[in-house]
Amino acid sequence: MTLTSVPASQPAASRPHPAAMAASPAYGEEKGGSSSLGEPEYGHDPASGGIFSSDYKRHDDLKEMLDSNKDSLKLEAMKRIVAMIARGKNASDLFPAVVKNVACKNIEVKKLVYVYLVRYAEEQQDLALLSISTFQRGLKDPNQLIRASALRVLSSIRVPIIVPIMMLAIKEAASDMSPYVRKTAAHAIPKLYSLDSDQKDQLIEVIEKLLADKTTLVAGSVVMAFEEVCPERIDLIHKNYRKLCNLLIDVEEWGQVVIINMLTRYARTQFLSPNQNQESLLEESAEKAFYGSEEEDAKDAKAEAASLAKRKPYVMDPDHRLLLRNTKPLLQSRNAAVVMAVAQLYFHLAPKAEVGVIAKALVRLLRSHSEVQYVVLQNVATMSIKRRGMFEPYLKSFYIRSTDPTQIKILKLEVLTNLANETNISTILREFQTYIRSMDKDFVAATIQAIGRCATNIGKVRDTCLNGLVQLLSNRDELVVAESVVVIKKLLQMQPAQHSEIIKHMAKLTDNIQVPMARASILWLIGEYCEHVPKIAPDVLRKMAKSFTNEEDIVKLQVINLAAKLYLTNSKQYDQNYDIRDRARFIRQLIVPTEKSGALNKYAKKLFLAQKPAPILESSFKDRDHFQLGSLSHLLNAKAVGYQELPDWPDEAPDPSVRNVEVPEWTKCTSREKRKEKVEKPFYSDSEGESGPTESADSEPESVSKESGSSSSLGSSSSGSEEEEEEEEGSSGEQSEDKEEEEKRTKRKKEGSRKAAPGSTGSPSEEEEEEGVKKAKKKALQGKKSCAETSSEEASTSESSSSGSDSGSEAEAKRRKAPPSSRAGPKEISLLDLDDFTLAPPQPVPSSSIVSTSLVTDLEGLTLTDTSLAPALLSPAFSTVRTYELLHRMAGEGLSVEYCFSRQPFPGDPHMVAVQIQISNNTDAEVKSLRVSEPKPLSGMRIQEFPEIECLAPGDTASVVMGIDFCDSTQAANFQLRTHTRHFYVSIQPPVGELMAPVFMSENEFKKEQGKLTGMSEITEKLTLPEKCQSDHAIVQQVTSAANVGRVPCGADNEYRFAAKTVTSGSLVLITLERREGTAAQLTVNSEKMVIGTMLVKDIIQALAQ
Amino acid sequence: MIHSLFLINASGDIFLEKHWKSVVSRSVCDYFFEAQERASEAENVPPVIPTPHHYLLSVYRHKIFFVAVIQSEVPPLFVIEFLHRVVDTFQDYFGVCSEVMIKDNVVVVYEVLEEMLDNGFPLATESNILKELIKPPTILRTVVNTITGSTNVGDQLPTGQLSVVPWRRTGVKYTNNEAYFDVIEEIDAIIDKSGSTITAEIQGVIDACVKLTGMPDLTLSFMNPRLLDDVSFHPCVRFKRWESERILSFIPPDGNFRLLSYHVSAQNLVAIPVYVKHNISFRDSSSLGRFEITVGPKQTMGKTVEGVMVTSQMPKGVLNMTLTPSQGTHIFDPVTKLLSWDVGKINPQKLPSLKGSVSLQAGTSKPDENPTINLQFKIQQLAISGLKVNRLDMYGEKYKPFKGIKYMTKAGKFQVRT
């Protein structure tokens, strides 16, 4: 990152800024008078009272305190300023004074300045820029927490000018070695996006990168960023789907909510509906099934599944199952939002038979705060329409207490009504009876409506309900009566004939009831069924006609209707409301026979007294489930801003292989192990005849097979993951023994296959053995897990005892027995370890250095220094090392001199590069006293000459070593090569890759160091890898041949890391090669020595391109 | 996610505002005030209020409305749960969460809020981490701070967020290592007029106070874990272990925390430890009614019922009540019509009772509803479900901690209909 845009050299605070000076009085004048009234307490402050009174400008005391060099005064001032902000008072005129303190040493002052800055930066953009350099410096701090907090504040400053700086900072932080900093980077993404949506494409790149992150800390935040920036890019999820599912349980709770909601949407686009075949069949049988106990349920489901299987087998995608299985434990979360998220996931994604599990958890949430209850009940109401059986066992949990807030009561009532059926209606109605006596009249009205709905839905109780409602008509509370009338009206419409008594009773009520809706309802009823009450109707109409002018419009209309229905007309056309006048005229025209309208009035009866369909009383929660449950939109029953539609299930399942990752993603195997896997496949197919592809294609071979076997049994399928986790256990310490283990494993495999061959008497069956081997392999892969995942490991330690005697541990035991000396037999292991041991013959030197580096990393714990190790391990196989010509035969008059870099430390001076010089005498005379003379080194360069060669016989070749300290530069070292007769001017120019010596470090050290070497010290270049340079082996070989570097073990399989130190100054050179899709790759070199870095990048790219 | 937070007191003053993104004008709260007016009672204010440009999500606790402003789709429970977490954090920091307390500690409050959300997305909600970042104020520290000028902000950078057990501080040290567990069960019940149980459930929690040095790994096992029908855990509990062995295995947070909450299956019959005999009648003709209630112990397993408190909301028609209690004190508030009777301990030999007359508003007819009676009580040394902790073991540390288990049964939402 270049920081040229803002001068970073000088701390902002120490610079007097003209703008700051100019701005403050202006602001003071603007706001001084009016708002100082709101701040009387500052005048009373004893510490500042004197200053305040002497100067009329407000906040001057605070400014003075901020300018002082006492931290305690600054702190006091900042506290008061923050208190102002908290109360919503304007403190923006203090900006220049505050921003100066951004680099203050006192942490609390600093924090409060940050608070202030984030609040006001938007309003004072120019001044805010003063603070940027402080954060930029913070971004480079070796402490990850400081880096994170710098990024956090920097990205919170909403100033468009700094968008490029933010972008750069985010990109850099996204590849920080600290997961905490990466998490902060994920948080910063939506901030930047909201500031400048043009950055979307670049941000998506960062999101993509972070989505691949394997730490739980980052997962939640990056999915949040994904949801805010590019929720439509569902394709980014494919590769990370399984990882997210597996990490889910260890992600922090807020992240869980976001991930689960996103995965719900994802699953809807990628999997088939688990209920598609059952929809028609289950619709009827579901209810029955749900009433039964859970076991019956399962049986039913199985039976149905069996019968359905014949028609069209539905096999749940193993990934779909994985999601359901991994979210289920989260129903036990203490966080209501997580429970709700899982509940909605099950509701939208699970097969019907399994949805039931969420009911218990949702009912538990009803114990929580009333706001939580409110939201949960809304969702339960929607669910209970679709899946009534689910909540029926918990009916009593929805009983209403007099202390519940009204809104909760009404929602509970809704749920109770939804749950009512023929078996429980009597209990529910008894409950309702008590509710009607409540003091809360809104609630009573809602109860009456609920009774009405129960009556319509359940024919059996209709009469009972009606009678009950009629009794309510004599209630003293008008509201209750009115509500009853309305409901009765609706009920009567269903069976009018039998209820003339009720209609008569209601007709009497017209004298008392004043609520317009109720009056209108009564009138409508009388009119509609006037044939059943022939004597009363005209009476009522007469009464109503008298009071007509005083009635509400709705009542008037009904009066007219009644009149029309009674074939009477009244002069209503003088009403004030034109609508009513119109209606009256219209009806008169219609009914009173005139010459013109004769045709119509024949049909008048049909028009007015047509059979009207009975109204359907239904829940307002019907069909709300097209919104994703638990969402704001569902709650409001309206689409909220930014709501992502829950897609319908696809008809055809999209290709499930998009989720495949080359290697199981819960492991992090290094390239070495990957190579081995490739070799293993033929091994399996040879000896066992088993097809390997399934395993390599899918991350979870065991659970896959289990899934397809019994798709609906949750219990058994979960064991798959348990086993795997179990294998993790204890693997943390094995990293360093990898190599040995590998060999042991090979041997064991051999043993296993041999043992299996003669027959399986007494010993475990072939498959078991095979499985054991697989597991052991996985175990080894697990060993490579980075420490960031130790939490999940730790969580799973408990599993070990639960199923301790399975074949995995058996295999483990065997492996322990396998003698470590097995490495002695090279023939036995050649098949597998070909890559590691019998290395490609053409270039033994670089390849042997691979062996050495990997061995060194494996033996890391033994604290071997590289100087003592290197001579022993680096084979001085001279011929294959690249040699350079120092002196040509012709130019040297028969004497030819070649040199090469042996890559051994120069004995005696570790700062020198050892140059091996080979001198051949092609003349026919002896060459005597061959030596170096008159070295003309550039400044600082030193040459350690080789000892004089006394005599070189014709045809002879001598090999000597000289040391040159190149001062970490690629300048040539010039010197004379003298013989007894002549001298030759020669020069040795080192390739940049030879100016360094490998260092061996762990991945963490590497990351730590890399984190320190960012910005200018980092050089990144994109390249394409040629065909032959695709294998890990080739890449490593090419890099190590181009530069004298040591391999660093690496968790990711598409990354290669190398480290070295320059010989003279000992500066670190870190190389990262990251493979992208296809042939693309990215090379990053971090080094203080920029020149070396640049040249090295060039060299390596050249080497790889060859 | 969450844009802004406004804290509004009972009289409708916004006394604190905090913005995590661009500033949202406080005038947005007008919509909230409107809804508040319509709702008449604080608890009836809808938790979600849509406005033209924002959505207001609120919780009401300690007589304060916490109103969060959001701009786009977000699961409402996410916000509500977070707001409750904020309240819990304040309570944890200041002992009580009240307007006065928040105003007095406004800087700490602001710092805490700043750490809890980043750009509206929760960052650190674990109180152990927060306390490492910002030390809660204590009287002693306030005094020391004013003298020495030191600060509330932790001067060491917190590492809790980076650890694999984010809920626990590193480097905890105590001279007395102790771990206390309180098993507290609450009975939710509705009892009908005749004294039979309509619905009864037991909800329990295990609250822990753990003060142990280092990184202890605890396991807690029950004599009868099958009783627990539905459980929810603190994130520290290893779920798999519970699933397979019904053992709670965890590395505890430091200090007070809720380890577990559970529900005892409704199939089990719930023992109701008290009964209420009542005789309430509002006579129709005269304006005088009769009121008599007696409280007595039922299935208490030989333990004393204490802290008994009876409250009842009288109908509007009631003018006043003239009552004499056989023990304890009683108050009738003629404005809110709320009767409360602080009974205290129940002596089985001499059952407490409250008798007297009710004067009704003249002219109005008898109220047709009967008041419900809400009951509170406590029983020490008893978990009504019969749940028993078997043993507590500690691994990972060498010292011997002091362990204690306490049981208590309380009334939850315990109502008697009359």
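Buried, as the word is used here, means under 20% relative accessible area. With that cut-off in hand, helix α50 of chain A (residues 1032–1042) turns out to be mostly covered in this predicted model: ten of its eleven residues are buried. The buried set runs through A:Asp1032, A:His1033, A:Ala1034, A:Ile1035, A:Val1036, A:Gln1037, A:Gln1038, A:Val1039 and A:Thr1040, and also takes in A:Ala1042.

Stepping back to the whole of chain A, there are 51 helices and 15 strands. Of the chain's 1106 residues, 55% count as buried. Chain A still exposes about 46,400 Å², with 53% of that supplied by carbon and sulfur atoms. As for how the chain folds back on itself, take the contacts between residues at least 6 apart in sequence: 69% of them join residues at least 24 apart.

Next comes the meeting of the two chains. The size of an interface is often given as the accessible area lost when the parts come together. Here chain A and chain B bury about 8,500 Å² between them, and 56% of it is on carbon and sulfur atoms. On the chain A side, A:Trp254, A:Arg334 and A:Arg367 lose the most area to chain B, together accounting for 10% of what that side buries. In terms of contacts, 98 residues of chain A touch 100 residues of chain B. Charge plays a part too, with eleven salt bridges found across this interface. A:Arg367 turns up again in a salt bridge with B:Asp188, at 2.5 Å from N to O.

Aromatic rings come next. A pair of such rings is described by the distance of the centres and the angle of the planes. Over all chains the count comes to 27 aromatic pairs. A:Trp254, already met at the interface, forms an edge-to-face pair with B:Phe78, at 5.3 Å centre to centre and 70° between the planes. The pair joins two chains because A:Trp254 lies in helix α15 (residues 253–270) of chain A, while B:Phe78 lies in helix α2 (residues 76–94) of chain B. Both A:Trp254 and B:Phe78 are buried. A tilted pair is formed by A:Tyr435 and A:Phe443, with 5.3 Å between centres and 45° between planes. A:Tyr435 has 3% relative accessibility, so it counts as buried, and A:Phe443 counts as buried at 2%. Back at A:Trp254, ring pairs link this residue with B:Phe78, B:Phe82 and B:Phe121 into a cluster.

Some rings have a charge for company instead. In chain A, A:Arg659 lies over the face of A:Tyr241, 5.5 Å from the ring centre. In chain B, the charged end of B:Lys388 sits over the ring of B:Tyr407, at 5.2 Å from its centre.

Side chains of opposite charge can pair when their charged atoms come close. The structure holds 44 salt bridges over all chains. One of them joins A:Arg119 and A:Glu123 at 3.4 Å, N to O. The two partners differ in cover: A:Arg119 is buried, with a relative accessible area of 15%, whereas A:Glu123 is partly exposed at 44%. In chain B, B:Glu81 pairs with B:Arg85, the closest N and O atoms being 3.6 Å apart. These two are four residues apart in helix α2 of chain B, so about one helical turn separates them. B:Glu81 counts as buried at 10% relative accessibility, and B:Arg85 is buried with a relative accessible area of 10%.

B:Asp217 and B:Arg238 also form a salt bridge, with 3.1 Å between the closest N and O atoms. This pair links distant parts of the chain, 21 residues apart: B:Asp217 is in strand β10 (residues 217–222), and B:Arg238 is in the loop between β11 (228–233) and α7 (239–245). Both B:Asp217 and B:Arg238 are buried. Elsewhere, salt bridges with shared partners join A:Lys111, A:Arg152, A:Lys191, B:Glu115 and B:Asp118 into one network.

Two strand residues of chain B round out the picture. B:Ile191, in strand β8 (residues 178–191), counts as buried at 8% relative accessibility. B:Ile191 and B:Gln415 are 224 residues apart in sequence, yet 6.1 Å apart in space, C-alpha to C-alpha. Beyond its neighbours within four places in sequence, B:Ile191 has contacts including B:Ile272, B:Phe414, B:Gln415 and B:Val416. B:Ser353, in strand β20 (residues 353–360), counts as buried at 12%. Its contacts outside four places in sequence include B:Ile293, B:Thr324 and B:Trp341.

Note on methods
Residues numbered from 1 in each chain as written. Chains lettered and ligands numbered in written order. Predicted model: local features only at pLDDT ≥ 70, side-chain atom pairs only at ≥ 80, totals over all residues. Heavy atoms only, no water. Buried < 20%, exposed > 50% of the residue type's maximum accessible area, 1.4 Å probe, protein only. Contact = heavy atoms within 4.5 Å. Areas by Shrake-Rupley, 256 points an atom, 1.4 Å probe, with all protein chains shown as cover. Phe/Tyr/Trp six-rings, centres within 6.5 Å; stacked < 30°, edge-to-face > 60°. Lys NZ or Arg CZ within 6 Å of the ring centre and 35° of its normal. Buried area = accessible area lost by both parts, 1.4 Å probe. Salt bridge = Lys/Arg side-chain N within 4 Å of Asp/Glu carboxyl O.
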